[in-house]
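User: Hi! Could you walk me through this structure?
Analyst: Happy to, let's pull it up.

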Amino acid sequence: MRALYFESHGDASGLVVGQRPKPRPGEGEVLLGLRAASLNHLDLFVLRGLPGVTVELPHIGGADGAGTVAEVGKGVTGWRAGDEAVLNPGLWCGRCESCTRGEESQCIGFRLVGEHVDGTFAEFVKVPASSLSPKPAGMSWPEAASFGLTFLTAWRMLMTRARLAAGESVLIHGIGGGVALAALAIAKRVGATVFVTSSSEAKLARATEMGADHTLNYTSCDVAREVRALTGKRGVDVVVETVGAATWTASLRSAAKGGRIVTCGATTGANPTEEVRLIFWNQLSILGSTMGSSADWRAMVRAVEDWGLRPVVDSVLPLESGREGYERMASGEQFGKIVLDVTGVTFPAGQKGA
């Protein structure tokens, strides 16, 4: 099968478009024929190499994807060839303490498609049948390939961990990324007042069009000071943290007394300066969040359909331009998800991505 993969860790120059073995579904598994797949920051981290995470090389990246069922393994019910589906990238054992109480993303063996096993930047991917949900009606293939990881992450952060309620306020750093945009869409639908930050006036303008109530350019203002001014010195109820070192102090300073800071990532560094006094004096809750449980997934997919939520697609590139997609993601220029169209012409084995 055609795939975008790398044979050693490094930068996007090492990406290859060529032939890889087509996977075969085992018991309880489905082979999904992909129509589209989308990039996440995770793909950059896996390409560069994550401390403590060993992947078998060559490796196919990609956690998000959508397509049609090509084959079903032994024991699979409810799915047949030709069904249109989206996939939950999380993988779990189903047997440990966390799994048995319905907290699969806390599984002791929790893994991700595209990180620990080959992913979606290929014509086919093998996943557990339990990972699939029907493609939401009315979604394009690029949209269907774009909402899984980011909307699940944002849903668990806001709805499960932070328990966001109507009338509350939310600060979202770095608007333009997939999780940040998903959080904006969910928070507005819940009925929250939303503050967003960026260094790009164009991104802030687009966020306003999407419903953001307050936009802050962090290159020209002190974010925490501005949030305090706009809230009558109160601060916000919830801070969505995906950035890490560069924004952590501002997050602590922006939160209201009793506020919740929910974090799922650290794209600018994992060891920020901590101000413990702000945490205990303001009685802040620091909430970690990773992906979501199967219940989170079902609730999120239902909300996407019932509320008419749609992911923002930045651009659609052919699989053969995968290197360009990785480079655009690394530059931070994108607004929304970068999608790879898997349904192109076959390139010769081993040809480098454009």
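**Cysteines, core and surface**

Analyst: Let's start with Cys 264, which counts as partly exposed because its relative accessibility is 28%. Keep in mind that this is a predicted model.

User: How far away is the nearest cysteine sulfur to Cys 264?
Analyst: That sulfur belongs to Cys 107 and is 19 Å away, and Cys 264 is in no disulfide.

User: And how many disulfides does a search of the whole structure find?
Analyst: Zero. Cys 93 is in no disulfide either, with the sulfur of Cys 107 as its nearest cysteine sulfur, 3.6 Å away. The cut-off for a disulfide is 2.5 Å between the sulfur atoms, so that pair does not qualify.

User: Is Cys 93 buried, partly exposed or exposed?
Analyst: Partly exposed, with a relative accessible area of 26%.

User: Switching to the inside: which residues touch the most other members of the largest nonpolar core?
Analyst: Among them are Phe 121, Leu 158, Ile 172 and Met 300, in a core of 83 residues. Helix H5, residues 178–190, gives the most to this core, with ten residues.

User: What is Leu 158 in contact with, leaving aside its neighbours within four places in sequence?
Analyst: Its partners include Arg 163, Val 170, Ile 186 and Val 240.

User: Now the outside. Which residues form a nonpolar patch on the surface?
Analyst: Val 276, Phe 280 and Trp 281 do, with about 400 Å² of accessible area together. Trp 281 lies in helix H9, residues 276–281.

User: Why does Trp 281 count as exposed?
Analyst: Because its relative accessibility is 63%, and exposed means over 50%.

Definitions and conventions. Residues numbered from 1 in each chain as written. Predicted model: local features only at pLDDT ≥ 70, side-chain atom pairs only at ≥ 80, totals over all residues. Heavy atoms only, no water. Patch = residues over 30% accessible without salt bridge, like charges linked within 9 Å, V, L, I, M, F, W, Y side chains within 5 Å. Areas by Shrake-Rupley, 256 points an atom, 1.4 Å probe, with all protein chains shown as cover. Salt bridge = Lys/Arg side-chain N within 4 Å of Asp/Glu carboxyl O. Helix = DSSP H or I, 4+ residues; strand = E, 2+ residues; numbered from the N terminus. Buried < 20%, exposed > 50% of the residue type's maximum accessible area, 1.4 Å probe, protein only. Core = buried A, V, L, I, M, F, W, Y, C linked by side-chain atoms within 4.5 Å. Contact = heavy atoms within 4.5 Å.
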